[in-house]
Amino acid sequence: MKKKIIILVVVILSIILLAFTFILFTSVKKDLKIESNLTKEVTELNLLIENNDNSNINTRLNTITTSGDYVLVEKAAKNYLKDKEKLFKEMYEILDNSDNIENLLMIDNIKTDGKEFTNTISLINNTGSKLTKLRDEYQSLTSKEKIESYLTKRLREDDYYNDYYLNELMADMMNNQKNLAAINEYLATVSKLKDIFSFLRENKDNWNLENDKIMFNSETLYNYYEGLLTGISDDKMNNM
């Protein structure tokens, strides 16, 4: 009788263990699938934002597809991406106007705004200030501390969710060097344009337009001006 009871207990315990193992396996499998899908979603949204592609992005940023605590992780990631999208829209508006900035060197603008170049230098200063501000905001946005701040306090203190969020889901967000380099290159071009027009204004009594060309009364000034123009040309070649 005792032997039968022991066997029965063992069988029941085995069934319970198998059931627990199955439930655990199913739960882990479900979590891994959620993580895989969420990582894919966030990666795709980030690429759309960085490539200035607005295809269905608002709908996706405002749609939650996960469950359980992953809902809080997804909300954190998508709230972050909303802020990143807003910042990148502003940056692309400035960068898309790069032709207008570089067209300041066209002879029509020099005729219209020279020799004081009040409007030209004002536009250059405003563009540089706006882009510098956005660059600094982008640097802050891509810091680990800022990215982590989008998580709720409870999940920040949970090693598993915090590690997944920072080291897998949002890892690409911290790789900002390529974007920062592009912004800094454009800022360098803006700075060189300012140098050119400041030089022309400071030396307004030493040059005139002849046959739609700037002609200096000094070879030294001419050579210096050509050097400034070469700096702009080099920037264009490097960005091709």
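Which residues line the second largest pocket? In this predicted model, the lining consists of Glu90, Glu93, Ile94, Asn97, Asn100, Ile101, Leu123, Asn126, Thr127, Lys130 and Tyr186. Two or more of these residues come from each of the elements α3, α4 (98-102) and α6. Helix α6 gives the most, with four residues. By class, this lining holds four nonpolar, four polar and three charged residues.

**Pockets and cavity**

The table lists the volumes of these spaces and the classes of their lining residues.

| Space | Volume | Nonpolar | Polar | Charged |
|---|---|---|---|---|
| Largest pocket | about 280 Å³ | six | three | three |
| Second largest pocket | about 210 Å³ | four | four | three |
| Largest cavity | about 40 Å³ | four | two | two |

The largest pocket is lined by Glu50, Asn51, Phe88, Met91, Tyr92, Leu95, Asp172, Asn175, Lys178, Asn179, Ala182 and Ile183. The elements α3 (70-95) and α10 (177-202) each supply two or more residues to that lining.

A search of the whole structure for cavities of 30 Å³ or more finds one. Leu48, Ile49, Asn52, Asn54, Glu85, Phe88, Lys89 and Tyr92 form the lining of the largest cavity. Both α1 (2-50) and α3 give two or more residues to it, and α3 contributes the most, with four. Phe88 and Tyr92 appear in the lining of the largest pocket and also in that of the largest cavity.

**Helix α6**

Helix α6 spans residues 118-141 and has 24 residues. From its first C-alpha to its last it reaches 35 Å, close to the 34 Å expected at 1.5 Å a residue. Its buried residues are Thr120, Ile121, Ile124, Thr127, Gly128, Leu131, Leu134, Tyr138 and Leu141. Thr127, buried in α6, is also one of the residues that line the second largest pocket.

**The hairpin of β1 and β2**

Strand β1 (residues 207-210) pairs with β2 in the antiparallel sense over four bridges. Within this pairing, Asn208 stands opposite Met215 of β2. Two residues lie between the strands of the hairpin, in which Asn211 takes a positive phi near 55°.

In a regular strand the side chains alternate between the two faces of the sheet. Strand β2 (residues 213-216) shows such an alternation. Ile214 and Phe216 point to one face and are buried, whereas Lys213 and Met215 point to the other face and are not buried.

Notes. Residues are numbered from 1 along each chain as its sequence is written. This is a predicted model: local features need pLDDT of at least 70, side-chain atom pairs count only at pLDDT 80 or more; totals for chains, interfaces and linings use all residues. Side-chain values use heavy atoms; hydrogens and water are left out. Buried means under 20% relative accessible area, exposed over 50%, partly exposed in between (1.4 Å probe, protein chains only). Two strands pair if DSSP finds at least two bridges between them. The expected span of a helix is 1.5 Å times one less than its number of residues. On a 1 Å grid over the protein atoms alone, a cavity is a set of points where a 1.4 Å probe fits but cannot get out, and a pocket is an open set with protein on both sides within 12 Å along at least five of seven lines; lining residues have an atom within 4 Å of a point. Grid points are joined across faces, edges and corners, and a volume is the space filled by probe spheres set on the points. Ala, Val, Leu, Ile, Met, Phe, Trp, Tyr, Cys and Pro count as nonpolar, Asp, Glu, Lys and Arg as charged, and the others, Gly among them, as polar.
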